[in-house]
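Work through the following exercises with the sequence and the structure side by side. Try each task on your own before you read its solution.

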Amino acid sequence: MNVQWYPGHMTKAKRQMQEDVKLIDLIIELVDARVPLSSRNPDIDEIGKNKARLILLNKADLADETQNEAWKTYFQEKDFYVVKVDSRNGAGMKLVQNVIQEACKEKTERDRKRGIKNRPIRAMVAGIPNVGKSTFINTFAGKACAKTGNKPGVTKGKQWIRLNKNVELLDTPGILWPKFEDQEVGKRLAFIGSVKDDILNMEELALELISYLCEKYPGAIEERYHIPEEGQPVEILGEIAKVRGCLKKGEELDYTKATGILFEEFRSGKIGRITLEWA
Ligand code: G4P
């Protein structure tokens, strides 16, 4: 789902996040593995200070594995726990369970010293729109988990999903807003389909994507479309239009249609596993 952000949305989302964060021990922050910086929210570190932090490189299946590893190291060096996941097919979920325990071991230890036993770890999922929060919650929690409903001391209306006897997850994710005032960020989010296509010049973006692919992933376009990666990006887009039969009346090439095909195939991973921001 594409969401348009206005200052009012941002304020509301921030306030909600600030409220929810009071209830939890751990923030499970989803980022898109193809754009791990652009898909992060600028204020999350402030909102989440004093909380245990876990970053999930979600959609790792669509990103370059070498870069996934590089980003994992990058965030680990900044003291985050990090797991690569594919929330759609469930890869990495078991590891997430273990890492949650690991990330909260200080809290568990503190509780133990104070004589508090069996207080579950409480976690919430957060991330910008379209990063995969709902998919992750569904896959991670599975069908077997019971919702615990309201509990004393918990804000009314909050639902917790009991993952096991030690961990409870807030069932509604925190929605964070992207750094859309930065044009480059906006562009990268457009590449992956996380901002509305109709507010951008998609054909211009297609040329930038082609140029990026030719530079960083040489051979990817050639292999997908069986065309040489030669000439200007606009010529390559023209070749894609030709091989895919994108023609207007009078045999004129339909660049708009070719752009649509290019983006659909890029976003679904058909052109390969591609990372747009390198660690
Ligand atoms: P949100 O709650 O953060 O807004 O995101 P949501 O779960 O709705 O996921 C957004 C899109 O990303 C969905 O695709 C979802 O299937 C896809 N997705 C989520 N996690 C992963 C992942 O790890 N790998 C891949 N490849 N895709 C993922 P959609 O096209 O909107 O829906 P659908 O076609 O899957 O039904």
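**Exercise 1. The chain as a whole**

How many helices and how many strands does the secondary structure of the chain come to? Describe also the extent of the chain and its share of buried residues.

Solution. Begin by noting that this is a predicted model. Counting along the chain, the secondary structure comes to 11 helices and 7 strands. As a next step, take the box along the principal axes, which the C-alpha atoms fill and which is roughly 80 × 40 × 35 Å. Finally, look at burial: of the 279 residues in the chain, 46% are buried.

**Exercise 2. Strand E1 and its partners**

Determine which strands are joined to E1 by bridges, and in which sense they run.

Solution. Start with E1 itself, which spans residues 26-32 and has 7 of its 7 residues buried. The two faces can then be read separately: Leu 26, Ile 28, Leu 30 and Asp 32 lie on one side, Ile 27, Glu 29 and Val 31 lie on the other, and both faces are covered. Turning to the partners, E1 is joined by 7 bridges to strand E2 (residues 52-58), and the two run parallel; within this pairing, Leu 30 has Leu 56 as its bridge partner. E1 is also joined to strand E4 (residues 121-127), here by 4 bridges and again in parallel. In that pairing, Glu 29 has Ala 126 as its bridge partner, while Ile 28 stands opposite Val 125.

**Exercise 3. Strand E4 and its further partners**

Describe how E4 is covered, and find the partners that it has besides E1.

Solution. First consider the cover, for 7 of the 7 residues of E4 are buried. Ile 121, Ala 123, Val 125 and Gly 127 point one way from the strand, whereas Arg 122, Met 124 and Ala 126 point the other way. Next, follow the bridges to strand E6 (residues 167-170), which pairs with E4 in the parallel sense over 3 bridges, with Glu 168 as the bridge partner of Arg 122. A last step leads to strand E7 (residues 174-175), which is joined to E4 by 2 bridges and runs parallel to it; here Gly 127 is partnered by Ile 175.

**Exercise 4. Two loop residues**

Are Ile 128 and Ser 194 buried or exposed?

Solution. Locate Ile 128 in the loop between E4 and H6. Its relative accessible area is 2%, and because buried means under 20%, Ile 128 counts as buried. In space, Ile 128 lies 6.6 Å from Ser 39, C-alpha to C-alpha, although the two are 89 residues apart in sequence. Then locate Ser 194 in the loop between helix H7 (183-191) and helix H8 (202-216). With a relative accessible area of 12%, Ser 194 is therefore buried by the cut-off of 20% as well. The side chain of Ser 194 also makes a polar contact of 3.2 Å with the side chain of Asn 130.

**Exercise 5. The ligand**

Which residues come nearest to the ligand, and how much of its accessible area does the protein cover?

Solution. Begin with the space taken by the ligand, which is the largest pocket. Of the 15 residues around the ligand, those that come nearest are Asp 61, Ser 87, Lys 133, Ser 134 and Thr 135. Helix H6 (residues 133-141) gives the largest share of this shell, with 3 residues. For the atoms, note that a polar side-chain atom of Lys 133 is 2.7 Å from an oxygen atom of the ligand. As the final step, take the 710 Å² of accessible area that the ligand has on its own, of which the protein covers 67%.

Definitions and conventions. Residues numbered from 1 in each chain as written. Predicted model: local features only at pLDDT ≥ 70, side-chain atom pairs only at ≥ 80, totals over all residues. Heavy atoms only, no water. Buried < 20%, exposed > 50% of the residue type's maximum accessible area, 1.4 Å probe, protein only. Pairing = 2+ DSSP bridges. Near = heavy atom within 4 Å. Polar contact = N/O pair within 3.5 Å; in protein donor to acceptor, adjacent residues only side chain to side chain. Areas by Shrake-Rupley, 256 points an atom, 1.4 Å probe, with all protein chains shown as cover. 1 Å grid on protein atoms, 1.4 Å probe; cavity = no way out; pocket = protein on both sides within 12 Å on 5 of 7 lines; lining within 4 Å. Sits in = over half its atoms within 2 Å of the grid points.
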